[in-house]
Amino acid sequence: MEITKLWKPQDLFVIKSPMQSLRLVLIVFAVVCGIYILSMCINQSSYYLLQAKSLSIHAINRHNCHYPIFQEDDFHYLHFPKPQTFSREECACNPVRFFAILSMQRSGSGWFETLLNSHINVSSNGEIFGAKTRRTNASIILDIMDNVFNLDWISSSSKNECSAAIGFKWMLNQGALEYHEEIVDYFNRRGVSAIFLFRRNLLRRLISLLANSYDKDAKPLNGTHKSHTHSPYEAEVLAKYKPVVNMSLLIPNLRHAERKANRTLECFKSTRHILLYYEDIVQNRTKLADVQKFLGLPQRELTSGQVKIHNGPLSQQIENWDEVQKKLMGTPYETFLKED
């Protein structure tokens, strides 16, 4: 009768041939190398993480500052600028966040910026790239942003010494899309947050553009052009003009604005950002609380001295309203004809 041999643990270590011996050595060597490489990767990752934390904590404490513990995600967006034009010594412990408002003309960005600047801890410096000479190439744009975020850009809105948030307003046709790759890289590298502000009703935006263009030439307010008004009288004077909309350009203009907004969101999707709509802010002021939270600001009631120019239904603001209504009926833009 055949007797089955029982397996014993020590049998694992019995070498039956030189070839098996070599194979075992290679397997053991591969396992040891794998463990070593894995441990080195873990150590390197831990080292760089500790370095990043150390640098952030050092930056926060280098002036013997005492802070509550920040979230790790905040470290990249907290800055301690060293301006060349003045000393922040009394506010050296105040971390600063960087932001840019990306928008299109006549989308409420001017009004929105005045709201932000009513916060004692915010400095938004207007359309710094309005002048063409400041956006002739990406290098100039990045240098100017360095100047702004180093607190060396002086404007009427500057509250530099103790600002908690520094930024500016940027129209999309002022180089923001033309050099978007370099700008997105800069935002991500420097920890700049993007605030997108668009208008849902693009027809109202178009009417505002046409009226503003007329005002530049006619200057009905004592020969002075005003893009924004600060009194009911000024708003009433400018609102009297009713533009005639070019029917052949109406839908192409609406489509162009829509596509530009969508392209912006696609190009800047990798940045830290918040998306706002003018109509939402007007109807729901809690949106301003969301913005303050996004910028890490203490909550304040934000105010503006600007007065809205165009109020009421669109039918009272467009000279050829019947034509516009007929043109947009049955199109994706038909909703713009209704009340906001």
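**Exercise 1. State which residues of helix H2 are buried, and characterise the surroundings of this helix.**

Solution. The buried residues of H2 are Ser109, Gly110, Trp111, Phe112, Glu113, Leu115, Leu116 and Asn117. Here buried means under 20% relative accessible area, exposed over 50%, and partly exposed in between, with a 1.4 Å probe and protein chains only. Helices (H or I, at least four residues) and strands (E, at least two) are DSSP runs, numbered from the N terminus. Helix H2 covers residues 109-117, and because 8 of its 9 residues are buried, the rest of the structure largely encloses it. For the protein as a whole, 42% of the 340 residues are buried, and the chain holds 11 helices and 5 strands.

The model is predicted: local features need pLDDT of at least 70, side-chain atom pairs count only at pLDDT 80 or more, and totals for chains, interfaces and linings use all residues. Residues are numbered from 1 along each chain as its sequence is written, and side-chain values use heavy atoms, with hydrogens and water left out.

**Exercise 2. Classify the ring pairs Phe129 with Phe168 and Phe149 with Tyr186.**

Solution. A pair of aromatic rings is described by the distance of the centres and the angle of the planes. Rings of Phe, Tyr and Trp (its six-membered ring) pair if their centres lie within 6.5 Å; planes under 30 degrees apart count as stacked, over 60 as edge-to-face and the rest as tilted.

Step 1. The structure holds 12 aromatic pairs. In one of them, the centres of Phe129 and Phe168 are 5.7 Å apart and the planes stand at 80°, so this pair is edge-to-face. Phe129 belongs to the loop between strand E2 (122-127) and helix H3 (138-149), while Phe168 belongs to strand E3 (residues 165-171); the pair thus links distant parts of the chain, 39 residues apart. Phe129 is buried at 0% relative accessibility, and Phe168 is buried with a relative accessible area of 0%.

Step 2. Phe149 and Tyr186 are stacked, with 6.5 Å from centre to centre and 25° between the planes. Phe149 lies in helix H3 and Tyr186 in helix H5 (residues 180-190), so the pair ties together parts 37 residues apart in sequence. Both Phe149 and Tyr186 are buried.

Step 3. Ring pairs join Phe98, Phe129, Phe149, Phe168, Trp170 and Tyr186 into a cluster.

**Exercise 3. Describe how helices H6 and H8 are arranged, and which residues meet.**

Solution. Two packed helices are described by the angle between their axes and the distance between the axes. Axes are lines fitted to C-alpha atoms, for helices over the stretch in contact, and angles run from 0 to 180 degrees between N-to-C directions.

Step 1. The axes of H6 (residues 202-218) and H8 (residues 247-267) come within 10 Å and cross at roughly 110°. H6 is therefore roughly perpendicular to H8; angles under 35 degrees count as roughly parallel, over 145 as roughly antiparallel, 65 to 115 as roughly perpendicular and the rest as oblique.

Step 2. From H6, Leu202, Leu203, Arg205 and Leu206 meet Leu250, Asn253, Leu254, Ala257 and Glu258 of H8. Contact means heavy atoms within 4.5 Å.

**Exercise 4. Determine the setting of Met247 and its contacts beyond four places in sequence.**

Solution. Met247 lies in helix H8 and counts as buried at 18% relative accessibility. Leaving aside neighbours within four places in sequence, Met247 is in contact with Asn320, Glu323, Val324 and Lys327. The C-alpha atoms of Met247 and Asn320 are separated by 9.5 Å, although the two residues are 73 residues apart along the chain.
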